[in-house]
Amino acid sequence: MSGTTPGTVLLLAASPLGRGRLVDAASVLPVLAAVPPAVLSGTDTANVVELADPLEPQAVLTRLRAAATAPGPLTVYVTGQLLLDRRQRLPHLALARTTASTARYTAFPWHWFREELRLRPPGATTLVLDLYADPETWQALCSPQPPGSPQAPRLLPHQQSVPQTPVPAPAPLVLDSGRDTAVYGRVAPPPSRRTVAVPAYMKAVATLLRSGRRPSNEELHQQALTRVAAESAHPGLVLARRGSGPAPGDPHAAITAAVRSGRHADADALAARHEHSAVLAYGPASEEALHWAEVRADLAMLAGDATLSCRTWLTVAAARLNTGQAVDASVVETAVDRAHHQWGRIEDPVRARELGLQLAELRARVPGRQQGALDHVRRQLSQLQTQN
């Protein structure tokens with residue numbers, strides 16, 4: 001155990017309720033729940049949030065967002081199954097109502113983990129994963145990249161194999177949880193037909209932790225893999241990655257430190273300087289400039305300035321669309337979704353009406369994954385018209 005700041009633990013177990021279920025994800029929760037919170041977190045004290053077979057991706061996002069903004073170390077235990085949405089072929093965590101044809105709207109996009117965790121301080125976030133892939137996703141994970149195709153991001157920067165156990169080569173499917181997030185666990189192949197798998201890796205982790213001793217992440221990971229191998233379970237793609245932390249002189253660390261100490265104006269000023277430099281060097285619509293604009297939108301949210309955060313996200317979304325990015329590109333949808341979320345927190349009706357008109361215009365072009373989002377904006381705008 002280390003540190004005096006309480007840790008936060010999020011236990012997330014999710015899998016479809018119908019015949020598409022590959023793993024009984026929730027079966028591991030009683031074992032994890034029997035572990036003392038401090039042992040789950042590796043801190044002196046910890047708060048634990050449990051999500052068992054959630055129905056809606058927005059519900060998962062709300063809990064993840066709250067956990068990500070909590071001070072102190074964060075450990076997220078995720079058990080479930082991966083599948084690809086049919087439109088963009090991006091990895092998603094299947095939820096209770098998810099089917100192969102509805103993944104885009106009913107599953108949790110994996111890149112939301114990266115988006116919500118990106119402003120956490122280096123070394124403060126750990127993901128422990130026990131995931132099963134459906135056949136299509138497993139093939140995408142294990143298929144080599146075609147010769148001559150552009151180099152794509154790997155599953156994770158570091159893969160680790162179990163001795164004497166063949167592990168498929170990493171593939172160009174993106175399962176990115178952020179550069180500063182430590183990741184341990186595995187992605188298993190689909191079980192035999194008409195078989196629902198048990199989360200062997202996560203159960204091994206939970207059983208080891210029930211002893212009351214909290215080994216290092218690396219030691220816990222290796223011991224769990226040994227138990228999985230002893231049960232003759234296929235380890236699949238084994239994930240072991242320490243959070244890389246900031247490079248020397250990386251401004252993100254200084255910005256995060258300023259936020260953690262409550263110096264929100266200093267954090268925004270530093271981000272603004274880097275945004276200005278990126279605009280001068282690469283142009284206002286460049287990825288470099290838009291990255292810093294997104295950082296400033298997040299900083300405004302953390303400072304409690306919903307108006308500024310909403311306005312900035314709207315600007316980012318419009319800039320991306322104006323450069324020709326698709327209306328269903330994940331970065332475009334994320335910008336509009338975050339603008340929508342922050343808009344709902346604006347208390348000044350005049351500002352809310354002003355930004356609501358812009359949001360409605362964008363929502364007409366970018367409906368996003370949440371059905372009825374445009375109707376929601378229009379209803380709220382109608383109510384705002386009656387307020388002073």
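Hi everyone. The protein I brought today has 15 helices and eight strands. Please keep in mind that this is a predicted model, so I'll begin with how far the predictor trusts it, by the pLDDT score.

The average pLDDT over the protein is 86, and 89% of the residues score at least 70. Which elements sit at the two ends of that scale? Strand 3, residues 74-84, has the highest mean pLDDT of the elements, at 96. Helix 9, residues 251-260, has the lowest, at 83. There is one stretch to flag on your screens: across residues 145-172 the pLDDT falls below 50. In the model, that stretch still has 57 contacts beyond near neighbours in sequence.

Now a few overall figures. The protein has 388 residues, and 51% of them count as buried. The exposed surface comes to about 17500 Å², with carbon and sulfur atoms supplying 53% of it. What about contacts along the chain? If we take contacts between residues at least 6 apart in sequence, 73% of them join residues at least 24 apart.

Let's go inside. The largest nonpolar core has 35 residues. The members that touch the most other members are Leu11, Leu32, Leu40, Tyr77, Tyr201, Val205 and Leu209. Several elements give two or more residues to this core, among them strand 1 (7-14), helix 1 (29-33), helix 2 (37-41), strand 6 (125-133) and strand 7 (182-188). Helix 8 (217-230) and strand 8 (237-241) are also on that list. Which element gives the most? That would be helix 7, with eight residues.

If you'd like one residue to click on, try Tyr77. Leaving aside neighbours within four places in sequence, Tyr77 is in contact with Val9, Leu10, Leu11 and Leu12, and also with Leu32 and Leu40. Its other partners are Val128, Met202, Val205, Leu209 and Arg214. There is also a second, separate core of 31 residues, which includes Leu64, Val78, Leu82 and Trp112.

Hold on to Trp112, since the aromatic rings are my next stop. How many aromatic pairs does a search of the whole structure find? It finds three. In one of them, Phe108 and Trp112 meet edge-to-face, with 5.2 Å from centre to centre and 90 degrees between the planes. Phe108 also pairs with Phe113: the centres are 5.1 Å apart and the planes lie at 70 degrees, so this pair is edge-to-face as well. The reasoning there is simple, because planes over 60 degrees apart count as edge-to-face. Taken together, ring pairs link Phe108, Trp110, Trp112 and Phe113 into a cluster.

Are those rings buried or exposed? Phe108 is buried, with a relative accessible area of 0%. Phe113 comes out at 1%, so it counts as buried. Trp112, at 7%, is buried too, because the cut-off for buried is under 20%.

Along the chain from there, Arg104 lies over the face of Tyr105, at 5.8 Å from the ring centre.

Next, two backbone details. Arg89 is not a glycine, yet it has a positive phi of about 55 degrees. You'll find Arg89 in the loop between strand 3 and strand 4 (91-93), and at 40% relative accessibility it counts as partly exposed. Arg194 also has a positive phi, near 65 degrees. Arg194 is in the loop between strand 7 and helix 7, and it is exposed, with a relative accessible area of 85%.

I'll finish with two exposed residues and their distances to other places in the chain. Ser211 is in the loop between helix 7 and helix 8, and its relative accessible area is 58%, so it counts as exposed. From Ser211 to Pro36 there are 175 residues in sequence, but 9.7 Å in space, C-alpha to C-alpha. The other one is Glu361, in helix 14 (residues 349-365). Glu361 is exposed at 59% relative accessible area. Glu361 and Val377 are 16 residues apart in sequence, and their C-alpha atoms are 9.9 Å apart.

That's my tour, and thanks for listening!

Methods. Residues numbered from 1 in each chain as written. Predicted model: local features only at pLDDT ≥ 70, side-chain atom pairs only at ≥ 80, totals over all residues. Heavy atoms only, no water. Phe/Tyr/Trp six-rings, centres within 6.5 Å; stacked < 30°, edge-to-face > 60°. Buried < 20%, exposed > 50% of the residue type's maximum accessible area, 1.4 Å probe, protein only. Lys NZ or Arg CZ within 6 Å of the ring centre and 35° of its normal. Helix = DSSP H or I, 4+ residues; strand = E, 2+ residues; numbered from the N terminus. Contact = heavy atoms within 4.5 Å. Areas by Shrake-Rupley, 256 points an atom, 1.4 Å probe, with all protein chains shown as cover. pLDDT = per-residue confidence, 0-100. Core = buried A, V, L, I, M, F, W, Y, C linked by side-chain atoms within 4.5 Å.
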